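Here is a short, friendly tour of one model, meant to be read with the coordinates open. Cysteines come before strands.

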Amino acid sequence: MKIKFNAVLIILLFAGSPAITSKNLRSIDTEFGAMPVRNLEIKGFPQGAQVVELGNLCGNTKDELILGCDSTVYICTIIKDSAHVLFSHSFDEPVLKLRTGDADNDGKNDLVLITGYTKYTDSDVKVYIVKYYDKEPGVSGGKWSVSELYTKASERPQPLYLEIADIDNDYKNEIIASYYESKYMVETVLISFSSGNWSSKIFLTERMSTAFDIGKINEKNLFLVGRVYGDSLGDEGDAYILDGKVKTGLRVRRGVKSAIKIGDGDNDGKNEIYVGDGWHQNYGKIARGRLAVIRDDFTYKLIEDVKEQTNLDQIEIADIDCDGKNEVLTSGNRFFRIYRYTGDGVGDSDGRWQVFKDPIFNSDTLLKPDQFAIGHINEDKIPDLVFAGKLNRRDRGVRVFNFKNLVYSDKLDKEVVTKVVNPDSLLNKPAPELIMNRWCNGEFPGIRKSQGKVIVLDFWATWCVPCKRMFPALRELQEKYRSRGLIIAGVTKVDATQSVAVIEKYVKEEKFNYLMGISEETFNDLAYGVGAIPHMVLIDKKGVVRKYIVGFHDVEALEKEILKLIEE
């Protein structure tokens, strides 16, 4: 991906924005050319932000930017090109969820946060409220207070959800907080303010419910629940609407791990349900990072089954590109994407979904996926997209972006139906055909077209040490039995650790004398039930699977197996 700078585009697209220079405007190369994205270079952000929220706490004409950095919360205002800390407070545990809204129904926004841990440890989940007091709107002379509202001891004190909303439709907001109350059970508590006092009650206890949202469906606030797993060990997850005590199941594809959202993403004037489903207990081998929409008639429509992604972590709905229409923004374990619906908004038959994305996932990717928030941190009236950069023990810093005049693509990744295959079930049956994006060291005609030859498939990866220990033996066997019809084909796939370029470079450096196939999907691993690697599959002259071998294998024993098939 090329990073470009263009001063002319700034004048055309972002004129009047404060503290913006030509260095702030970069472009992402897409099939339609370079798309302008403004990356605001703001100084002074606290380091180590794992969560971010935007909200108007001080009564100004712009939002404050709130960061959870380890166990400290920072409330910042942006002045020109710098972040100024208005208030900070340290807690005993890490700050993991932030939400702004009128929690006590006094007409002013508050900050609510949850502290806890993302690991198993005997500790507490705690809910706090941070309030700002000032006689006049503005930041000057104001006072801040921090109060603990709720605490719950747990062996797995991991917060999962936090919202300020009217969940019981009584025209008053409550605080809704969900967390693990034990290893598998998730508790949702309602915290409300009445007659000068805070009170709490348990609203829901459900096994492995990990995704939540509240929003209006048919003019009524309803609670959505997504479950990563079902009621028993090994059961697939699900999702449902909770209306009082009535549960209405939603059609989803397996587990909903992190993301479910209510909103008008197709701009038809009615809210839909957007869901990140596809999770599976076999994690990256089977799980998919899908985005789907469920309409008010409960019809389910897949938007995209994102290639190389196993989970959607966050879904938000907002007009992010200043076109007067909502978009659906998603952040997954590998990609950040923006979707829009084109058409009259009446239904899928009248329009289609399109996507804006960074086409490359590497160190140069501008829009790296992290937890994000949307709001207005300056007064230019352009929506700001803010990422908190601490993900998976890396700290990419706080990053702020603006978008305008984006061009969207019709090229959405197609659905991949994954299932668990036991490699034993393939024995003495026709071998599944390989699906490859490219071959190195020649072209493989296919298993059906290679009858009369013995085929050895070697599933491997550049990072796999036992795989590398097998390579010399495979080179030797290919050379020794090539004239007798032996075909050895290495099979690998693109993943978070190895791109096509990395694989091709490795293949070239190692000077393999046999075929190497590269897939950008997990089709082949799924078809052959591949778990640990190396995983070898021996296919006879009739195209039938005769044996599979997992892990490093004795070379002499492998040669005997191959020779037996050659001599049949």
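The report below covers the cysteines and then one strand with its partners.

This is a predicted model, and it holds one disulfide. The bond is formed by C464 and C467, whose sulfur atoms lie 2.3 Å apart, within the 2.5 Å that a disulfide requires. If you check the torsion about the S-S bond of C464 and C467, you will find about 80°, so the disulfide is right-handed. Both C464 and C467 are buried.

C69, in contrast, is in no disulfide. The nearest cysteine sulfur to C69 belongs to C76, and it is 7.8 Å away. C69 is buried because its relative accessible area is 5%, under the 20% limit for that class. C322 has a relative accessible area of 31%, so C322 is partly exposed.

Now for the strands. Where does β9 sit, and how much of it is buried? Strand β9 spans residues 123-133, and nine of its eleven residues are buried, so β9 is largely enclosed by the rest of the structure.

Strand β9 pairs with β8 (residues 110-115) and with β10 (residues 143-154). Both pairings are set out here, each with one of its bridges.

| Strand pair | Bridges | Direction | A bridge pair |
|---|---|---|---|
| β8 and β9 | five bridges | antiparallel | I114 and V127 |
| β9 and β10 | eleven bridges | antiparallel | K131 and S145 |

To follow the pairing in your viewer, start at I114, whose bridge partner in β9 is V127. Then go to K131, whose bridge partner in β10 is S145.

Key
Residues are numbered from 1 along each chain as its sequence is written. This is a predicted model: local features need pLDDT of at least 70, side-chain atom pairs count only at pLDDT 80 or more; totals for chains, interfaces and linings use all residues. Side-chain values use heavy atoms; hydrogens and water are left out. Buried means under 20% relative accessible area, exposed over 50%, partly exposed in between (1.4 Å probe, protein chains only). Helices (H or I, at least four residues) and strands (E, at least two) are DSSP runs, numbered from the N terminus. Two strands pair if DSSP finds at least two bridges between them.
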